[in-house]
Amino acid sequence: MHKSYKSILCLAAITALGVGGTVVAKNAFTLNPAEVHAGDYKLDSSHGRITWEIDHAGFSKYVGQFVNVQAELKLDPANPANSTLTATIPIADIAPNDAALKRHLLNADFFDAENHPTATFRSTRIVVDTDDANEADVYGDLTIRGVTRQIKMEVEFNKAGTMMGQYRAGFDGEAKIKRSDFGINYGLPMIGDEVELHIEGEFTK
């Protein structure tokens with residue numbers, strides 16, 4: 001190989017490494033929850049939703065979503081028990097992928113959205129898993145149709161870091177509730193009572 005050509009290749013490689021190093025430094029991410037920036041966060045609603053799943057007479061699992069969820073997270077990585085989470089779920093924005101079903105879900109048989117336009121969640125206690133710091137149980141008060149019950153969410157920390165100029169922290173969560181606990185009894189027992197919830201949350205600082 002010609003000496004000058006080899007020199008050009010070496011220079012290109014060094015330059016690429018240098019540029020790559022700069023990019024990594026600017027966009028450093030962490031998978032360690034202890035390294036996440038403390039402070040106040042808001043949910044990025046375009047990257048946050050609640051997916052629900054319920055048994056449909058044993059024939060299938062029906063799946064829908066709540067979108068446009070609003071949430072605030074006060075994060076204290078040094079002492080996670082001091083962290084808090086609150087969320088507001090607009091019932092009118094339920095998305096079951098069926099217009100007729102949506103109308104039914106909004107009426108008094110189910111969510112009675114006219115009288116109870118939002119559901120809310122407010123954390124009361126956070127317990128980090130002693131074997132895996134990326135996982136925690138988040139206990140809190142869930143209010144639906146004006147009825148409040150305590151639930152437990154199993155939450156997993158995904159990642160944190162700066163992307164597109166914003167510092168972000170991402171989490172997934174799962175919970176199980178009984179709709180009858182909130183006065184939603186329509187269709188029981190043919191339509192399932194237990195509802196599985198999957199929560200996705202990407203918060204910006």
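Me: Let's start with Thr204: in which strand is Thr204 found?

Reply: Thr204 is found in strand β11. Keep in mind as we go that this is a predicted model.

Me: How do I read whether it is covered by the rest of the protein? Is Thr204 buried or exposed?

Reply: The general idea is a cut-off: a residue is called buried when its relative accessible area is under 20%. Thr204 has 13% relative accessibility, so Thr204 counts as buried.

Me: Which residues does Thr204 touch, leaving out those up to four places away in sequence?

Reply: Thr204 touches Asp40, Tyr41, Lys42 and Asp44, and also Gln166, Tyr167 and Arg168.

Me: Can we step back for a moment? How many helices and strands does the protein have?

Reply: There are two helices and eleven strands. Reading from the N terminus, the order is α-β-β-β-β-β-β-α-β-β-β-β-β. The protein has 205 residues, and 32% of them count as buried. As for contacts between residues at least 6 apart in sequence, 56% join residues at least 24 apart.

Me: Arg168 came up as a neighbour of Thr204. How should I read a charged residue like that?

Reply: Side chains of opposite charge can pair when their charged atoms come close. In this structure there are five salt bridges. In one of them Arg168 pairs with Glu202, and the closest N and O atoms are 2.8 Å apart. Arg168 lies in strand β10 and Glu202 in strand β11, so this pair ties together parts that are 34 residues apart in sequence. Arg168 is buried, with a relative accessible area of 12%.

Me: Which residues make up the network that includes Arg168?

Reply: Asp44, Arg168 and Glu202 are joined into one network by salt bridges that share partners.

Me: Which parts of the chain does the salt bridge of Arg49 and Glu200 link?

Reply: Arg49 sits in strand β2 and Glu200 in strand β11, 151 residues apart, so to speak distant parts of the chain. The closest N and O atoms of Arg49 and Glu200 are 3.7 Å apart. Arg49 counts as partly exposed at 23% relative accessibility, and Glu200 counts as partly exposed at 27%.

Me: Now the inside. How many residues does the largest nonpolar core have?

Reply: The largest nonpolar core has 43 residues, and those with the most contacts inside it are Phe66, Phe111 and Met153. Elements giving two or more residues to this core include β2, β4, β5 and β7.

Me: What does Met153 touch, beyond residues up to four places away in sequence?

Reply: Among the residues that Met153 touches are Leu85, Phe121, Val138 and Ile199.

Me: Phe66 and Phe111 are both aromatic. How do I read a ring pair?

Reply: A pair of aromatic rings is described by the distance of the centres and the angle of the planes. A search of the whole structure finds six aromatic pairs. The pair of Phe66 and Phe111 is edge-to-face, with 5.7 Å from centre to centre and 85 degrees between the planes. Phe66 lies in strand β3 and Phe111 in the loop between α2 and β7, so the pair ties together parts 45 residues apart in sequence. Both Phe66 and Phe111 are buried.

Me: Which residues do ring pairs link into a cluster?

Reply: The cluster is made of Phe157, Phe171 and Phe203.

Me: And on the surface, which residues make the nonpolar patch of about 360 Å²?

Reply: Phe29, Met163 and Met164 make that patch. Met164 has its place in the loop between β9 and β10. With a relative accessible area of 79%, Met164 is exposed.

Me: What should I look for in the backbone?

Reply: Two things stand out here: a peptide bond and some phi angles. A cis peptide bond joins Leu188 and Pro189, with omega about 0 degrees, and Pro189 lies in the loop between β10 and β11. Ala57, in the loop between β2 and β3, has phi near 60 degrees, a positive value in a residue other than glycine. Asp112, in the loop between α2 and β7, also has a positive phi, near 50 degrees.

Me: Is Asp112 buried or exposed?

Reply: Asp112 is buried, with a relative accessible area of 13%, whereas Ala57 is partly exposed at 28%.

Technical notes
Residues are numbered from 1 along each chain as its sequence is written. This is a predicted model: local features need pLDDT of at least 70, side-chain atom pairs count only at pLDDT 80 or more; totals for chains, interfaces and linings use all residues. Side-chain values use heavy atoms; hydrogens and water are left out. Patches are made of residues with over 30% relative accessible area and no salt bridge: like charges are joined within 9 Å, nonpolar side chains (Val, Leu, Ile, Met, Phe, Trp, Tyr) within 5 Å. Accessible areas come from the Shrake-Rupley method with a 1.4 Å probe; for residues, only the protein chains shown count as cover. A salt bridge is a side-chain nitrogen of Lys or Arg within 4 Å of a carboxyl oxygen of Asp or Glu. Helices (H or I, at least four residues) and strands (E, at least two) are DSSP runs, numbered from the N terminus. Buried means under 20% relative accessible area, exposed over 50%, partly exposed in between (1.4 Å probe, protein chains only). A nonpolar core is a set of buried Ala, Val, Leu, Ile, Met, Phe, Trp, Tyr and Cys residues joined through side-chain atoms within 4.5 Å. Contact means heavy atoms within 4.5 Å. Rings of Phe, Tyr and Trp (its six-membered ring) pair if their centres lie within 6.5 Å; planes under 30 degrees apart count as stacked, over 60 as edge-to-face and the rest as tilted.
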